[in-house]
Amino acid sequence: MTESGLPIFDFTDADLKAALRRAFKTTAIIGIVLAVVLAFVYGWQTGALLFAGTVISATGLWEWQRLVAFINARLDNQKAAGAGRVLSTFFLRLLLAGGILYVSLKCFHGSVYALVAGLALGIFALTVEAVRMIRS
């Protein structure tokens, strides 16, 4: 621990990478399980909407892992993927997320709340990781 005694000041790049990886896994697992449950209870379209939101949320976490790794490599003067490649995949993922949102809302007539819940899973998983860090 540091002089202040707060574990947040001992948070390293490896800790951030591990937290983002755990949040990604948590999002994917909870999203798939909830999508299957909602598909059985409320119909396959509602389950598909939750799954679509989960995919967008999980790919967002994956993209943030890549961006953090790129920025850390640049700050540490290490070899990293090209900035153009990182930015192009970032914008490609945004375009893909917009396409998934459009198609899922246009084609699936399930509950929109399921889509919003899938989108919120990433925030939930990151909150769990933040609380875990604070409590340790």
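A pocket is an open set of grid points with protein on both sides within 12 Å along at least five of seven lines. Keep that in mind as we look around this predicted model.

**The pocket**

The largest pocket here has a volume of about 240 Å³. Which elements give two or more residues to its lining? They are helix 1 and helix 2. Among the lining residues you'll find D13, K17, R21, Q65, N72 and D76.

**The overall layout**

Zooming out, the protein has 4 helices and 0 strands, so to speak an α-α-α-α pattern when you read along the sequence. Its C-alpha trace spans about 55 × 40 × 15 Å along the principal axes. Of the 136 residues, 28% count as buried.

Helix 2 is a nice one to check with a ruler. Its 32 residues (44-75) should span 46 Å at 1.5 Å a residue, and the C-alpha atoms at its ends are indeed 46 Å apart, so expectation and model agree. Just after helix 2, N77 takes a positive phi of about 55°.

**A nonpolar patch on the surface**

Now look at the outside. I29, I32, V33, V36, V37, F40, V41, Y42 and F51 form a nonpolar patch on the surface, and together they have about 960 Å² of accessible area. Helix 1 (residues 13-42) gives the most to this patch, with 8 residues. One of the patch members, I29, sits in helix 1. Is I29 buried or exposed? Its relative accessibility is 55%, and exposed means over 50%, so I29 counts as exposed.

**Salt bridges**

The count of salt bridges comes to 2. Here they are:

| Pair | Closest N to O distance |
|---|---|
| R22 and E129 | 2.8 Å |
| E129 and R132 | 3.1 Å |

What do the three residues R22, E129 and R132 make up? They are linked in a network of salt bridges. R22 belongs to helix 1 and E129 to helix 4 (residues 112-135), so their bridge ties together parts that are 107 residues apart in sequence. The E129 and R132 pair is a local affair: these two are 3 residues apart in helix 4, which means about one helical turn separates them.

How covered is each partner? E129 has a relative accessible area of 5%, so it is buried. R22 comes in at 34% relative accessibility, so R22 counts as partly exposed. R132 is also partly exposed, because its relative accessible area is 43%.

Conventions: Residues are numbered from 1 along each chain as its sequence is written. This is a predicted model: local features need pLDDT of at least 70, side-chain atom pairs count only at pLDDT 80 or more; totals for chains, interfaces and linings use all residues. Side-chain values use heavy atoms; hydrogens and water are left out. Patches are made of residues with over 30% relative accessible area and no salt bridge: like charges are joined within 9 Å, nonpolar side chains (Val, Leu, Ile, Met, Phe, Trp, Tyr) within 5 Å. Accessible areas come from the Shrake-Rupley method with a 1.4 Å probe; for residues, only the protein chains shown count as cover. A salt bridge is a side-chain nitrogen of Lys or Arg within 4 Å of a carboxyl oxygen of Asp or Glu. Buried means under 20% relative accessible area, exposed over 50%, partly exposed in between (1.4 Å probe, protein chains only). The expected span of a helix is 1.5 Å times one less than its number of residues. On a 1 Å grid over the protein atoms alone, a cavity is a set of points where a 1.4 Å probe fits but cannot get out, and a pocket is an open set with protein on both sides within 12 Å along at least five of seven lines; lining residues have an atom within 4 Å of a point. Grid points are joined across faces, edges and corners, and a volume is the space filled by probe spheres set on the points.
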